[in-house]
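Trainee: Could you pick one part of this and take me through it slowly? I'd like a close look, and then some idea of how that part sits in the rest.

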Amino acid sequence: MANRAAHLFASAERHPGKIAVRFEDEAISFGELADRVRNAAASLKAQGIGKGSHAALMMPSCPDFIVVQQALFALGAVVSPLNSQYRPGEVAHAIASCDLEYLILPGAFADRVPAGFPGAIFREGGDPPGPPGFRLAEVAPSDVVMLLHTSATTGKSKGVMLTAANLATNYDRSPGW
């Protein structure tokens with residue numbers, strides 16, 4: 001399966017107690033990370049996000065960025081990570097250029113959401129436990145799973161389409177467990 005979250009869940013099965021993420025004084029095991037991703041996916045799905053949904057993620061560097069990105073991959077959404085320093089005009093451009101339906105961000109960034117944009121999802125704290133029987137969305141290697149914005153050196157930024165196969169080529173070059 002080409003779902004980018006599959007590797008996380010496989011690692012959680014094989015090494016549930018092994019540390020997956022270290023951030024400041026926090027250590028999160030693969031088992032804990034998989035649970036957080038499962039719960040976040042259930043929460044995001046309840047808000048309408050599913051396979052093919054275009055969802056932007058605008059957060060500072062923190063474990064919740066990883067959780068939400070993996071939850072979006074698990075749901076089969078098209079993920080657009082946005083620079084956490086974007087100003088409102090840049091966010092509006094990203095929404096338009098990537099056909100974004102959802103913008104996931106902390107409440108502290110609320111002033112960057114364009115007026116009238118209905119798809120803002122503010123993340124504050126954890127997610128309630130997801131329902132049992134969680135399943136990853138089916139994703140083909142040729143499915144677009146990420147729209148990554150360019151640095152815009154010659155004009156406005158553009159979303160570059162990356163397929164599941166593109167990401168697999170990049171991500172899977174890391175050493176095995």
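Mentor: Let's get one term out of the way: helices (H or I, at least four residues) and strands (E, at least two) are DSSP runs, numbered from the N terminus. This is a predicted model, in which local features need pLDDT of at least 70 and side-chain atom pairs count only at pLDDT 80 or more, while totals for chains, interfaces and linings use all residues. Residues are numbered from 1 along each chain as its sequence is written, and side-chain values use heavy atoms, with hydrogens and water left out.

I'd go for the turn between β1 and β2. Strand β1 covers residues 19–23 and β2 covers residues 26–29. They run antiparallel to each other, paired over four bridges; two strands count as paired if DSSP finds at least two bridges between them. Look across the ladder and you'll find Val 21 bridged to Ile 28 in β2, while Phe 23 has Glu 26 as its bridge partner there. As a general point, side chains in a regular strand alternate between the two faces of the sheet.

β1 and β2 make a hairpin, with two residues between them. One residue of that loop is Glu 24, and Asp 25 is found there too. The backbone of Glu 24 is worth a look: its phi is near 50 degrees, which is positive even though the residue isn't a glycine. As for cover, I call a residue buried under 20% relative accessible area, exposed over 50%, and partly exposed in between (1.4 Å probe, protein chains only). Glu 24 counts as exposed because its relative accessibility is 71%. Asp 25 is exposed as well, at 77%.

Now hop over to Asp 99, which also has a positive phi, near 50 degrees, without being a glycine. Asp 99 sits just after α4, in the loop that leads from α4 to β5. With a relative accessible area of 56%, Asp 99 is exposed. From Asp 25 to Asp 99 you count 74 residues along the sequence, and their C-alpha atoms are 37 Å apart in space.

Since we're at the end of α4, stay with that helix. It spans residues 88–97, and Val 91, Ala 94 and Ile 95 are its buried residues to look at. Those residues lie on the same side of α4 because they cover an arc of only 100 degrees around the axis, the arc being that of the directions from the helix axis to the C-beta atoms. Gly 89 and Ala 96 are exposed, on the face turned away from the buried side. What do the buried residues of α4 pack against? Their partners are β5 (102–105) and β7 (144–149).

Helix α3 gives you another inward-facing example. Gln 69 is in α3, which takes in residues 63–75, and counts as buried because its relative accessibility is 11%. Skip the neighbours within four places in sequence, and Gln 69 is in contact with Leu 57, Val 79, Met 146 and Tyr 171, where contact means heavy atoms within 4.5 Å.

The cysteines are quick. Cys 98 is buried at 2% relative accessible area, and Cys 62 is partly exposed at 23%. Take a disulfide as a pair of cysteine sulfur atoms within 2.5 Å, and the count comes to zero.

Finally, zoom out. The chain has five helices and eight strands, which come in the order α-β-β-α-β-α-β-α-β-β-β-β-α. So our hairpin partners are β1 and β2. For contacts between residues at least 6 apart in sequence, 63% link residues at least 24 apart. Of the 177 residues, 45% count as buried. The exposed surface comes to about 9,200 Å², with 54% of it from carbon and sulfur atoms; that's the Shrake-Rupley method with a 1.4 Å probe, and for residues only the protein chains shown count as cover.

On overall dimensions, the C-alpha atoms fill a box of roughly 45 × 35 × 30 Å along the principal axes. The radius of gyration is 16 Å, which agrees with the value near 16 Å for a compact globule of 177 residues. That radius is taken over C-alpha atoms, and the globule rule is 2.2 Å times the number of residues to the power 0.38.
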